[in-house]
Amino acid sequence: MGCTESKQTSGDDIVKKIRKPKPWKHSELITRAQLARIRDEFWDTAPHYGGRKEIWDALRAAAEAELILAQAINDSAGVIVQNDDLTICYDERGAEYELPKYVLSEPINLIRND
């Protein structure tokens with residue numbers, strides 16, 4: 001366990017600040033429209049893999065928001081951040097939520113003019 005009342009804190013009780021994932025590269029060149037399609041596909045199917053829909057909705061809102069707002073969204077939804085880039089999170093009941101980098105940031109090989 002160890003997560004009881006430790007919302008977004010590390011072992012020494014310092015709040016984890018949310019950050020964007022490290023730069024990453026998609027397996028091939030990708031346009032904004034293609035990225036939007038795979039993001040929508042992920043968010044449409046994610047709740048079917050477990051967890052609560054309201055947490056998935058909060059994670060989507062956080063993923064699409066500025067970092068300071070993302071922090072507030074996660075705090076108010078009771079999301080426990082395992083990785084400060086939001087790739088692994090938990091709800092207060094212990095359900096795990098894994099987010100791929102492509103929903104959290106753009107790849108370095110994004111085609112910008114589409």
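Lys17 is exposed, with a relative accessible area of 61%. You can find Lys17 in the segment before strand S1, which covers residues 30–31. Keep in mind as you look that this is a predicted model. Which residues does Lys17 touch, once its neighbours within four places in sequence are set aside? Lys17 is then in contact with Gln71 and Asp84. Another residue to look for from here is Leu67: Lys17 and Leu67 are 50 residues apart in sequence, yet their C-alpha atoms are 8.7 Å apart in space.

**The whole chain**

Let us step back for a moment. The chain has four helices and five strands. If you walk along the sequence, these elements follow the pattern β-α-α-α-β-β-β-α-β. Of the 114 residues in the chain, 34% are buried. The chain exposes about 7300 Å², and carbon and sulfur atoms supply 52% of that area.

How does the chain meet itself? Take the contacts between residues at least 6 apart in sequence: 62% of them join residues at least 24 apart.

**Two helices side by side**

Now turn to helix H2 (residues 53–63) and helix H3 (residues 67–77). They pack at an angle of about 165°, and their axes are 8 Å apart. Is H2 roughly parallel or roughly antiparallel to H3? Angles over 145 degrees count as roughly antiparallel, so H2 is roughly antiparallel to H3. The crossing of H2 past H3 is left-handed.

Which residues bring the two helices together? From H2 come Ile55, Ala58, Leu59, Ala61 and Ala62, and they meet Ala70, Ile73, Asn74 and Ala77 of H3. Sorted by class, this contact has eight nonpolar residues, one polar residue and no charged ones.

**A closer look at Ala62**

Ala62 is a good residue to follow next. It is found in helix H2, and Ala62 is buried, with a relative accessible area of 3%. Leaving out neighbours within four places in sequence, Ala62 is in contact with Ala70, Ile73, Asn74 and Leu86. Three of these names, Ala70, Ile73 and Asn74, also appear on the H3 side of the helix contact.

**Leu86 and its phi angle**

The remaining contact of Ala62 is Leu86, and that residue has a point of interest of its own. Leu86 is found in the loop between strand S2 (80–81) and strand S3 (88–90). Most residues other than glycine have a negative phi. What is the phi of Leu86? The phi of Leu86 is near 70°, which is a positive value in a residue other than glycine. Leu86 is also buried, with a relative accessible area of 4%.

**Ala46, in another loop**

Ala46 is found in the loop between helix H1 (32–45) and H2. Is Ala46 buried or exposed? Ala46 is buried, with a relative accessible area of 1%.

**Pairs across the sequence**

The table gathers pairs of residues with their separations along the chain and between C-alpha atoms.

| Pair | Apart in sequence | C-alpha to C-alpha |
|---|---|---|
| Lys17 and Leu67 | 50 residues | 8.7 Å |
| Ala46 and Leu99 | 53 residues | 9.0 Å |
| Ala62 and Ala72 | 10 residues | 8.4 Å |

To find these pairs in the model, you can start from places you have already met: Lys17 in the segment before S1, Ala46 in the loop between H1 and H2, and Ala62 in H2.

Notes
Residues numbered from 1 in each chain as written. Predicted model: local features only at pLDDT ≥ 70, side-chain atom pairs only at ≥ 80, totals over all residues. Heavy atoms only, no water. Buried < 20%, exposed > 50% of the residue type's maximum accessible area, 1.4 Å probe, protein only. Contact = heavy atoms within 4.5 Å. Areas by Shrake-Rupley, 256 points an atom, 1.4 Å probe, with all protein chains shown as cover. Axes fitted to C-alpha atoms, helices over the stretch in contact; angles between N-to-C directions. Parallel < 35°, antiparallel > 145°, perpendicular 65-115°, else oblique. Left-handed = near helix turned anticlockwise from the far one by under 90°. Nonpolar A, V, L, I, M, F, W, Y, C, P; charged D, E, K, R; others polar.
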